[in-house]
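Visitor: Please take one part of this model and look at it closely with me, starting from how strands are paired in a sheet and then following what lies against it and beyond.

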Amino acid sequence: MGLLGSDERPRDVILGTLDDLINMARSRSMWPLTFGIACCAIEMMATWDPKIDADRFGMFFRNTPRQADVMIVSGTVNKKLAKRLRRLYDQMAEPKWVISMGACANQGGPFRQGYSVVEGVDKIVPVDVYIPGCPPRPEALLQALLLLRDKIADRELRYKKPREIPADYDVMAEPGKDGRLPVL
Amino acid sequence: MEARVKQERLFDEDVYTVHPDDYRALCERLKAEGYDFPRAISGLDMGYGLRVTLHLTRMSDLAKVTVRTDVPYENPVVASVTDLWPGVEWYEREAYDMLGLRFRGHPDLRRILLEDEWELHPLQKRYDTGGYPLPDWQPAAWPDPEPWAPPPPPEPEEAGEAGEGGEAS
Amino acid sequence: MSTMNLEPVPGRTDEMIVNMGPQHPATHGVLRVVLGLEGERITRAVPHIGYLHRNHEKIEEARTYPMVIAYTDRMDYVSGTQNELPFVLAVEDMLGVEVPDRAKKIRTIFFELYRLASHLVWMGTAMLDLGAISPFLYTFWDREIILGIVEKTAGARMLPNYYTFGGVRRDVHPDFFKDVADFLDHMERRMVDYEHLVLESPVVHARTKGVGVLDQERAVARGVSGPVLRASGVAYDVRKAFPYDAYPDVEFEIPTSPDGDTYARFWVRFQEMYQSIRILRQLLELTPKTGPYKGRAPARLKPPAGERYRAVENSRGELGVLVVSDGSDKPYRVKHRGAAFSNLQIIPDLFVGAKFSDAIAILSSLDPVFGEIDR
């Protein structure tokens, strides 16, 4: 009762903002969405196998985007999938984060410059962590998840926020790559 | 049937190159001969036209056969063989999707890998990898003799090898 | 909606149209199936593929022959080097390259190791679909051992890009043969556990026996191959029918089952794993410890104009490739015949009439991999 009036702080009270507490809680219970796309999805499964065991960090797969916090884009995103990927992202509740796993999700990978491949998933959704590799090792995905954990609980603002992408961004609208024959 | 068909032996397969009008009849004959396992249908852009390549296997004695037919770009229509071998249904859809080959009589000929709204048939040689039209691409002339024309009769001094059909490469 | 391709039947109110995928935990990737449901029974099923179409065949026309091998790896990504082999064999045929005997045997060891790895992934994920978590934990542990062996030699875990024209890219690691022998000892003990966990589980029996029966004639006419075809009683295996690499030198059987149901497909895959172990044991005996690992292939690869179709028996069935060369250093056309692509065509046949929960079991028994289906 007398705490507010007195100058003396009891020793078992930690001062901080409520945001810090909430962010710490969020960073310790990141739930990724079960959305395997391509080769990287097998390594994503291997991250949850008994050898790497990402479960021990409080990360469990959720099958519905409504319950998930993290989307791991594990593979090549093509123009047919892009709309569905964006819809899944929109269905996830705020706050939400995206990990781009592997060369294909980063910039198209070996399939870059092909007619059907989106050259980087960051054209569709804002990406927080990029993982290089084709495919990345499970250890690399685990490091990315731990980096993301730091980023969520970031007090010093060391990490940049990703660029926001409008929900109606149309990958098909890129010049010459819309699958429609140009009028000559 | 006056056969507009060329038969040759490539590696371990019998290869028939046939006029598109006779393609369906030849397939019916092969079906009757017991070729029951459809391996694949491949579409090819030959530069002068589009080619359908049908790969078949006979399960009883493991004989393999390939049927090819060429159609011009302007009218790329081939008879469908889906009713003979239901397993080629998706392959014909894929050839339509990738190359624009149209299969007459196919039950459900629509795009399979790309979305329905696309107009591009990306595996045609007139487009580059990204789907852009190549500026200086011109179709080649239709081959003469035609692909299904039988090879000319062998010269008298080479008559001894003619029975083998030739190890073409 | 035009993209659904499944219109409601006018006047019919008891049918519900349900969309499954492309984000669904049990579709093994990005398959989408639009289902018509009457209560729990499936009345119509329309599969949609292409969500992983990444222009393999177009981009391979713009790459040189050695570069294409790296792309073929990424088709059936669960079974690594198995995808490289048909392309390598076809180009070797066209070039007339001789492969040393030891190189053939090393290739076959890798081929069978990846078959075990692929079937282990199948077992884990199929049991996840049926609601069992623990087999996944065991199978992925064993898969990590295989990938560790591969990584020691080839330098990569999943997509090693290890085969080349005339043999393999580099000699095996000095520990390789001992590692494989140790792994086989371990795997033989583990197979007993897997039998208990999967094949003898009463839940698996209840969910798979008599479900999704595929008869022999329909399987052949639909172009189905691999374990799905052999579970319908057809003893067609490319390893026996058109032997390649070291398969003529080893003894093995083609397990078949006359039942054609989902359980038979589970059972055939199990027997194949035993056969893989048997093949690997023989190859460890037969392979010389030292010797050439690569034949003489021309430095500038320009196969003569022509075409060649070659096929191998990968974990899912007949994986073929048609290579067309115009005499330049890039293939004119590479057409892949995906085993899972053909196998997936029977979805409407098997789904219609089944219960909705059976559809999941049927799908996991087909073991689709979308890198190879969509290419």
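Guide: Two strands are taken as paired if DSSP finds at least two bridges between them. With that in mind, and remembering that this is a predicted model, we can begin in chain C, where Val34(C) has Val46(C), a residue of strand 3 of chain C, as its bridge partner. That match belongs to the antiparallel pairing of strand 2 (residues 32-38) with strand 3 of chain C, two strands joined by seven bridges. The sheet around them is open and consists of three strands in the order 1-2-3, with antiparallel pairing. Because strand 1 (16-20) and strand 3 (41-48) of chain C each have a single partner strand, they stand at the edges, and one side of each is left without a neighbour in the sheet. On average, and with direction ignored, neighbouring strands here are turned by 20° against each other.

Chain A offers a sheet to set beside this one. It too is open, with three strands in the order 1-2-3, but here the pairing is parallel. Its edges are formed by strand 1 (70-74) and strand 3 (129-131) of chain A, each of which pairs on one side only. The average turn between neighbouring strands, again with direction ignored, is 15°. Strand 1 of chain A runs parallel to strand 2 (residues 97-101) of chain A and is joined to that strand by five bridges, and within this pairing Ile72(A) stands opposite Ile99(A) of strand 2. Helix 2 of chain A packs on this sheet, where it touches strand 1 and strand 2 of chain A, and its direction makes about 130° with that of strand 1. Helix 5 (residues 138-152) of chain A also packs on the sheet, touching strand 1, strand 2 and strand 3 of chain A, with a direction at about 155° to that of strand 2.

Helix 2 of chain A leads back to chain C. This helix (residues 39-47) packs against helix 5 (residues 134-154) of chain C at an angle of about 115°, the two axes lying 10 Å apart, and the two helices are therefore roughly perpendicular to each other. Their crossing is left-handed. From helix 2 of chain A, the residues Ile42(A), Glu43(A), Met45(A) and Ala46(A) meet Phe136(C), Phe140(C), Arg143(C) and Glu144(C) of helix 5 of chain C. By class, this contact has five nonpolar and three charged residues, and no polar ones.

A second helix pair, within chain C, makes a useful companion. The axes of helix 6 (residues 176-199) and helix 11 (residues 262-286) of chain C come within 10 Å and cross at roughly 160°, so these two helices are roughly antiparallel to each other. Helix 6 of chain C passes helix 11 of chain C in a left-handed crossing. Among the residues in contact are Phe177(C), Leu184(C), Met191(C) and Tyr194(C) of helix 6, and Phe266(C), Trp267(C), Phe270(C) and Ile277(C) of helix 11 of chain C. Sorted by class, the contact holds 18 nonpolar and four charged residues, with no polar residues.

A word on confidence concerns chain B, which has a mean pLDDT of 84, with 90% of its residues reaching 70 or more. Over residues 159-169 of chain B, however, the pLDDT is below 50, and beyond near neighbours in sequence this stretch has seven contacts in the model.

Key
Residues numbered from 1 in each chain as written. Chains lettered and ligands numbered in written order. Predicted model: local features only at pLDDT ≥ 70, side-chain atom pairs only at ≥ 80, totals over all residues. Heavy atoms only, no water. pLDDT = per-residue confidence, 0-100. Contact = heavy atoms within 4.5 Å. Axes fitted to C-alpha atoms, helices over the stretch in contact; angles between N-to-C directions. Helix = DSSP H or I, 4+ residues; strand = E, 2+ residues; numbered from the N terminus. Parallel < 35°, antiparallel > 145°, perpendicular 65-115°, else oblique. Left-handed = near helix turned anticlockwise from the far one by under 90°. Nonpolar A, V, L, I, M, F, W, Y, C, P; charged D, E, K, R; others polar.
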